[in-house]
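Q: I am new to this structure and would like a close look at a single part of it. Could you walk me through one strand in the middle of things and what surrounds it?

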Amino acid sequence: DCVRVCEELQGMGVLGFAYRGAHAKVTPAFDKKLSDVDCIGCGQCAAHCPTGALYVKSDIDTAWEALNDPTKEVIVQVAPAIRVAFGESFGLEPGSVSTGKVVGALKALGFSQVYDTSFSADMTIVEEGNELKERIAAGAKMPMFTSCCPAWVKAAELRYPELLSQVSSCKSPQQMFGSFVKKYGTVPEGKTPYIISVMPCTAKKGEIKRPEHSQNGVPDVDLVLTNQELIKMTKSAGIMFDMIPEEPFDMPFGFATGGGYIFGATGGVTEAVLRYLDNKNVFFEAVRGNSAVKTASLDYNGITVKAAVVHGLKNAMKLIERIQSGEEEYHIVEVMACSGGCVGGAGQPINTAENRAKRAPGLYRIDRSTQISRSQDNPIIQQVYDKWLGVPGGEEAHHLLHTTYSSKKRINADEIPFLGSEAPKAEIKVCVGTGCQVKGSYEIFSEFHRLIEEYGLTDKVDLKATFCLENCKESPNIKVGDKVIGHMTKEKVAEILEEIKNA
């Protein structure tokens, strides 16, 4: 089952059969560790393993240690998909909304502050929606791929490094919450903030260990517990589900909109982005449901913005092939590694197709009953930008809420140059993110474009727009080859092109 799910559902194929007879076993090629092959950490092999030979590493003991450490202020965030699956282990139907019980259990376990990741999902939409608008305005290469799913991001780094510039630079909601709250949240004097996430996903355990998700060596998020682990902690503490008093999330980071809640279902991120672009419509039924690929479109400033939603990495790989061949064209593509999206994550309770199908409607019921549907209308989010972050995509927002990716492809398929082959073009990238845009980067880009044609350098220069060169303090920025140049002006354009022309 683990071999089949890795190959047939996820398309990664990192597990196979080796040896014969009594010596036969399931293993990565050449008996390598999972960390040494193209494993994306989605956990679906463990979720489908019928023997218990594969299981998710438990962090329950570490969580108990943190809760009993008087020097730590233990803050917890709860992913949207948790609330429609937690109750299954206590006799409720899949899809039953048990938000209050989840919060009550966490407070009974000793967590000091209990917040909702749906809040930072709203923040993600403000940043990601703004990024999509900027890419459309700049005529950047499309589509933009979503970045909320760490298993998909890792798959892109391993299998599709050529697409990394098209993956949204936004951190996932989990990481946005951690980086923001560690800087601007409040803790009692003498205590250190310690952030634990309750997630439906095993790949989130790996995501928090990525070096780019830390500030000065301090991780944005300290620990991840799956829904299964929270259920085990609740039961082992002797907490009776029927007797848990329902409690609300703490404020201010416990308030979210419908756009944040639906992140847990496949299509939810896309629907929230479409709500960000369209002030007329709220519900986009076309991107809901369990079809492998769903599409929708809307008119935005005279442009027909086309969106696609895909879940299950094997399905994503097929869609990417069609996009790369030119058969399909989109402005935004949402990818979720697990079937059904986060509601089908490997950290959820019993993960049958029937259970997954019932969980997503629970999130849409919450969405329907929520007074505010659009993420950008969340009044707490608006206050956060007014008080701390400035404008979406601005310097502080980029610093805290965006990240970078790098190729992790294990075999380099670049062509080998031979004598007499065409000389490579000089690559110039102009940052058109908000921080650089407001300081004139579009005018700089236009000046490069004009002078490249005037100097006859179209065969020598490859001009591109990019979205963050991680040098916001010196904006506007450009990158020539491997060198980042800050405080760029239109007057310097000619100097740079003269150097290239005379090289």
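A: Happy to. A good place to start is the largest nonpolar core, which has 61 residues; a nonpolar core is a set of buried Ala, Val, Leu, Ile, Met, Phe, Trp, Tyr and Cys residues joined through side-chain atoms within 4.5 Å. The residues with the most contacts inside this core are Ile40, Phe145, Trp152, Leu313, Val333 and Val335. A second, separate core of 55 residues includes Ala66, Val78, Phe90 and Ile208.

Before going on, please keep in mind that this is a predicted model, in which local features need pLDDT of at least 70 and side-chain atom pairs count only at pLDDT 80 or more, while totals for chains, interfaces and linings use all residues. Residues are numbered from 1 along each chain as its sequence is written, and side-chain values use heavy atoms, with hydrogens and water left out.

Now to the strand itself. Val333 and Val335 belong to one face of strand β12, which spans residues 332–336. Helices (H or I, at least four residues) and strands (E, at least two) are DSSP runs, numbered from the N terminus. Five of the five residues of β12 are buried, where buried means under 20% relative accessible area, exposed over 50%, and partly exposed in between (1.4 Å probe, protein chains only). In a regular strand the side chains alternate between the two faces of the sheet. Here both faces are covered: Ile332, Glu334 and Met336 are buried on one side, and Val333 and Val335 on the other.

Next, the neighbouring strands. Two strands pair if DSSP finds at least two bridges between them. Strand β5 (residues 144–145) pairs with β12 in the parallel sense over two bridges, and Phe145 stands opposite Val333. Strand β11 (residues 303–311) also runs parallel to β12, joined to it by five bridges, with His311 opposite Met336. Between β11 and β12 the chain passes through helix α12 (residues 313–324), making a right-handed β-α-β crossover. Right-handed means that, with the strands pointing away from the viewer, the path from the first strand over the helix to the second runs clockwise.

Let us zoom in on Val335. Setting aside neighbours within four places in sequence, Val335 is in contact with Phe145, Thr146, Cys149, Trp152, Val310, Leu313 and Ala316; contact means heavy atoms within 4.5 Å.

The strand also helps to cover a helix. Because ten of the ten residues of helix α11 (residues 268–277) are buried, this helix is largely enclosed by the rest of the structure. What covers its buried residues includes β11 and β12, along with α5, α10 (258–261), β10 (293–300) and α13 (353–369).

Helix α5 (residues 117–138) holds Glu134. This glutamate is buried yet has no salt bridge, and Arg135, the nearest side chain of opposite charge, is 7.3 Å away. A salt bridge is a side-chain nitrogen of Lys or Arg within 4 Å of a carboxyl oxygen of Asp or Glu; for charge, Lys and Arg count as positive and Asp and Glu as negative, while His and the chain ends are not counted. Apart from neighbours within four places in sequence, Glu134 is in contact with Val432, Gly433, Thr434, Gln437, Tyr442 and Phe467.

One last detail sits in the loop between α5 and β5, where Pro143 lies. The peptide bond from Met142 to Pro143 is cis, with omega near 5°.
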